[in-house]
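Dear colleague,

I am handing over the structure below, and my notes on it follow. Please read them with the model open beside you.

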Amino acid sequence: MPTGLPSPRPFDLPSIAATSTALTGTGVSAPSGPRVPAPSGTITAVRVGRVRTVQWRDEEVPTGSFKEPVEGPVAVGLSGLTGDEQGDAVHHGGPEKALLCYGRAHYAAWQSEGLELPEGALFENLTVDGLTESEVCLGDVWDVDGVRLQVTQSRRPCWKLSSRWGIPDLARRVQSTGRTGWYLRVLTPGALQAGQVMTLIERSSGAVDLAELSRVMNVDKADLPAIERILDSPGVPERWRTTLRRRLDVHRIRTDGTDGPDGRFTDEEDADRLRG
C-alpha cells in the first residue's frame, strides 16, 4: 500500500467543460516525462436492491444491502440507480453516495485469505474489473459512455457488512486491508450496464489516491506527515478533515502540553460504526 501521496501522472486525458462548480478549475497536471494511457476499468455487474428488514440483536433493522445484478441498461440519476434503495438514508445514499463501486480483483484476495465472498458481497452497485483504490483518487471524474461520475470518498463499512455474512471482523478487515470500494456522485445522468468501460477523464493536481487515504484514516493513524499532505489535497470530505485535524491536535498536546482533545488516536465514531 502506498506510503505517501503520489505525484500526479501525465495521463492522456481529453479536456472537458466543467459540469458543476465542484469541477471548475480542476484538471490533470502535466509534468515532463512520457505520457501514459488514462486508467480505465470494465463494469462487470450493475446491482440494485430493495430495502429488507433483518434481525440484529434484539431489533429489526431495515437494510438495502441485498444487491442483485441487473441485465441490460439501468437508468442512473443524481440519487443513484433506478430500483436501488437504502435502509439508512442518514448514512447511505444521497447525491454524495449515489453509487458504490468495488474492485472485482478484491474478491480473489478475500478468497486467498479463506473468505468465500461472492461478487456483490460488499453491497456495491458497480463491480469493476481493472481498477482498485490504488488507481482511483478523490475528485476523479470518470466517463462511462457519456455518464459522468465523480469520486467523493472511500467507503467506511459499518457493522451491517459483518452481520450480513456472519463474519464478526469483516468490516474491520475491509478497512485494514484498504479493500473498501468508493462512492461516486453522478454529474451527468444516463444509463449503466455490464460491459461498459469507465475511463478517467479528469484528475485534480495533488489529489490523493484512495489506497493512501484508507491507510492513513484506518491503519497508520499517527502518520503525521501523511495527514498534513492529505489535508492539503483537494476533495477530502469535511468530516474526514475534522478527524485528521483532531489527530494533529492530539500530537500537539503530546509534544508541547497545549490544550485540546484527550490525547488518544482512537476515533469513537469509527468504533461505534463498526460495533453497531
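**Two helices with a buried side**

In this model, which is predicted, helix α3 spans residues 170-177 and has Leu170, Ala171, Val174 and Gln175 as its buried residues. Around the axis of α3 these residues cover an arc of only 140 degrees, and therefore they sit on the same side of the helix. The spacing fits a general rule: with 3.6 residues a turn, residues of an α-helix that are three or four places apart point the same way. Just after α3 comes Gly178, whose phi is positive, at about 80 degrees.

Helix α5, residues 224-231, can be read in a similar manner, its buried residues being Leu224, Ala226, Ile227, Ile230 and Leu231. Viewed down the axis of α5, they fall within an arc of 160 degrees, so they line one face of that helix.

**The strand residue Leu184**

Leu184 belongs to strand β11, which runs over residues 182-188. Its relative accessibility is 0%, and because buried means under 20%, Leu184 counts as buried. Leaving aside residues up to four places away in sequence, Leu184 touches Pro95, Glu96, Lys97, Ala98, Leu99, Cys101, Leu126, Leu149, Gln150, Val151 and Thr152. Between Leu184 and Asp140 there are 9.4 Å in space, C-alpha to C-alpha, although they are 44 residues apart in sequence.

**The cavity**

How many cavities of 30 Å³ or more does a search of the whole structure find? The search finds one, and the volume of the largest cavity is about 250 Å³. Its lining consists of 22 residues, and those that lie nearest its centre are Gln86, His92, Phe123, Arg155 and Tyr183. Strand β3 (59-63) and helix α2 (159-165) each contribute at least two residues to this lining. Sorted by class, the lining of the largest cavity comprises seven nonpolar, eight polar and seven charged residues.

**The chain as a whole**

The chain contains seven helices and 13 strands, and 47% of its 276 residues count as buried. If one takes the contacts between residues at least 6 apart in sequence, 72% of them join residues at least 24 apart. The exposed area of the chain is about 12600 Å², of which carbon and sulfur atoms supply 50%.

With kind regards

Terms used: Residues numbered from 1 in each chain as written. Predicted model: local features only at pLDDT ≥ 70, side-chain atom pairs only at ≥ 80, totals over all residues. Heavy atoms only, no water. Helix = DSSP H or I, 4+ residues; strand = E, 2+ residues; numbered from the N terminus. Buried < 20%, exposed > 50% of the residue type's maximum accessible area, 1.4 Å probe, protein only. Contact = heavy atoms within 4.5 Å. Areas by Shrake-Rupley, 256 points an atom, 1.4 Å probe, with all protein chains shown as cover. Arc of directions from axis to C-beta. 1 Å grid on protein atoms, 1.4 Å probe; cavity = no way out; pocket = protein on both sides within 12 Å on 5 of 7 lines; lining within 4 Å. Points joined across faces, edges and corners; volume = space filled by probe spheres on them. Nonpolar A, V, L, I, M, F, W, Y, C, P; charged D, E, K, R; others polar.
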